[in-house]
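Here's an informal walk through one structure, written for someone who likes to poke at pockets and side chains. Have a look at the sequence and the model first.

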Amino acid sequence: MAPTLFTYSSIPFFLIFTLLPSVTPMPYRPNPGPAGPIDCSYGYNFYDRSCPRLQMIVRYGVWAAYRNDTRIAASLLRMHFHDCFVNGCDASILLDDTLDFKGEKNALPNRNSVRGFNVIDNIKADVERACPSTVSCADILALAARESVVLSGGPSWAVPLGRRDSLTASDQAANEQLPSPFEPLENITAKFASKGLDARDVVVLSGAHTIGFAQCFTFKRRLFDFKGSGKPDPTLDASAATSLQGTCPNKDSSNSNLAPLDSTTINQFDNAFYTNLVNNTGLLESDQALMGDPNTAAMVASYSANPYLFSRDFAASMVKLGNVGVLTGNNGQIRNKCGAVN
């Protein structure tokens, strides 16, 4: 069975940090990605002296947000993914637009979709009070993604630290580099490969959809007129299609309605996402497409049958993702506020 989800609202504050799962270091292979080689100062103990309470501050900040809104866990995890996939894990997704550049926040994949910026801003403010001008927003986002998974009942992993923040952002890069739920699997796999991530990472990181919701417009074409057929997507279970048609009526006003990515265990980070794919009840076309390729379908079947295998591989893939295009050393800066360069 998947790790038990704590009911944090019933736990006294002083016990929270002793009850959360410990972080066990695991080996990782730095992935230089498009930004070049990673500085030797990047590692697990980067802030041990300069900001020893960092991980506790981030953990509490995510917990405080999660107890009021369980959806925030998926949102912070997705924000980290969208940050790393666009020119590396450099907190560029957090930058507001300026006169000099149009950033990623309002790019098509992120506009009215990515959420949780205020949570990262609040955590950054707490970190600045404890350790001024020391910790990057990129590192805070990487840690927040892990805590979101842990709070949802998923695995923990050691997060290498020492990232620095970018000085700019690009809406064009976000539009071009982020995978789309409408793309064929080969396109998505190619985008992952460009980041140093392989087909297994595609399958494993898609498992993040075990939590969170999707807006109807991201999958509605599967429900009524799939590829001009006038019928639902034949790979979608008929009863699931009927249920989703009730949530997402065939009219524009339903486009922003929400449906759970995993309707079996909505807020629990587990391997039910893969069982849904095996049963043809995956929500997104790009997720269900994993069953259309023999290689990825075999991985889906393995993760559906073995939750511990999924937890182990998800943690490893998250470390790989977090190493993409990292800025270190004298590159970038430590932003004082995440929404703007210093």
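What follows goes through the open pocket, a flagged histidine, a helix residue, the salt bridges and the enclosed spaces. Keep in mind that this is a predicted model.

## The big pocket

Let's start with the open space. The largest pocket has a volume of about 1200 Å³. It is lined by 47 residues, and the ones closest to its centre are Arg78, His82, Ser113, Pro181 and His209.

Which element gives the most to this lining? That would be α3, with seven residues. At least two residues each come from α3 (72–85), α7, α8, β1, α11 and α13. Sorted by class, the lining of the largest pocket holds 28 nonpolar, 12 polar and seven charged residues.

## His209, the annotated one

One of those central pocket residues, His209, also carries a label: an unreviewed UniProt entry puts a "binding site" feature at His209. Where does His209 sit? You'll find it in the loop between α8 (199–206) and β1 (213–215).

Is His209 buried or exposed? Neither, strictly: its relative accessibility is 24%, so it counts as partly exposed, given that buried means under 20% and exposed means over 50%. Setting aside residues up to four places away in sequence, His209 touches Leu261, Asp262, Phe273, Leu284 and Asp287.

## Ile188 in α7

Over in helix α7 (residues 185–193) there's Ile188. Its relative accessibility is 7%, so Ile188 counts as buried. Leave out its neighbours within four places in sequence, and Ile188 is in contact with Pro179, Ser180, Glu183, Val202 and Ser286.

The Ser286 contact spans a fair stretch of sequence: Ile188 and Ser286 are 98 residues apart along the chain, with 8.4 Å between their C-alpha atoms.

## Salt bridges

How many salt bridges does the model have? The count comes to 15. One of them pairs the side chains of Arg163 and Asp139, at 2.7 Å from N to O. That pair links distant parts of the chain: Arg163 is in the loop between α5 (137–151) and α6 (171–177), while Asp139 is in helix α5, 24 residues apart. Both Arg163 and Asp139 are buried.

Another one joins Asp201 and Lys320, whose side chains meet at 2.6 Å, N to O. Here the distant parts are helix α8, which holds Asp201, and helix α13 (residues 307–322), which holds Lys320; the two residues are 119 apart. Asp201 counts as buried because its relative accessibility is 2%, whereas Lys320 is partly exposed, with a relative accessible area of 27%.

The side chains of Arg221 and Glu285 also form a salt bridge, at 2.9 Å from N to O. This pair connects distant parts of the chain too: Arg221 lies in the loop between β1 and α9 (238–247), and Glu285 in helix α11 (residues 285–288), 64 residues apart. With 36% relative accessibility, Arg221 counts as partly exposed; Glu285, at 16%, counts as buried. Elsewhere, Arg59, Arg146 and Glu147 are joined into one network by salt bridges that share partners.

## Enclosed spaces

Now for the closed voids. Rolling a probe the size of a water molecule over the atoms shows where empty space is left. How many cavities of 30 Å³ or more turn up? There are two.

The largest cavity has a volume of about 50 Å³. Its lining is made of His80, Ala142, Trp157, Val159, Pro160, Arg163, Met318, Val319 and Gly322. Arg163 is thus a link back to the salt bridges, as the partner of Asp139. The element that gives the most to this lining is α13, with three residues. By class, the lining of the largest cavity splits into six nonpolar, two polar and one charged.

The second largest cavity holds about 40 Å³ of space. Around it are Thr70, Arg71, Ala73, Ala74, Ser152, Ile211, Gly212, Phe213 and Asn267. The class split for the second largest cavity is four nonpolar, four polar and one charged.

Conventions: Residues numbered from 1 in each chain as written. Predicted model: local features only at pLDDT ≥ 70, side-chain atom pairs only at ≥ 80, totals over all residues. Heavy atoms only, no water. UniProt positions renumbered as here; feature names shortened; annotations may be inferred. Helix = DSSP H or I, 4+ residues; strand = E, 2+ residues; numbered from the N terminus. Buried < 20%, exposed > 50% of the residue type's maximum accessible area, 1.4 Å probe, protein only. Contact = heavy atoms within 4.5 Å. Salt bridge = Lys/Arg side-chain N within 4 Å of Asp/Glu carboxyl O. 1 Å grid on protein atoms, 1.4 Å probe; cavity = no way out; pocket = protein on both sides within 12 Å on 5 of 7 lines; lining within 4 Å. Points joined across faces, edges and corners; volume = space filled by probe spheres on them. Nonpolar A, V, L, I, M, F, W, Y, C, P; charged D, E, K, R; others polar.
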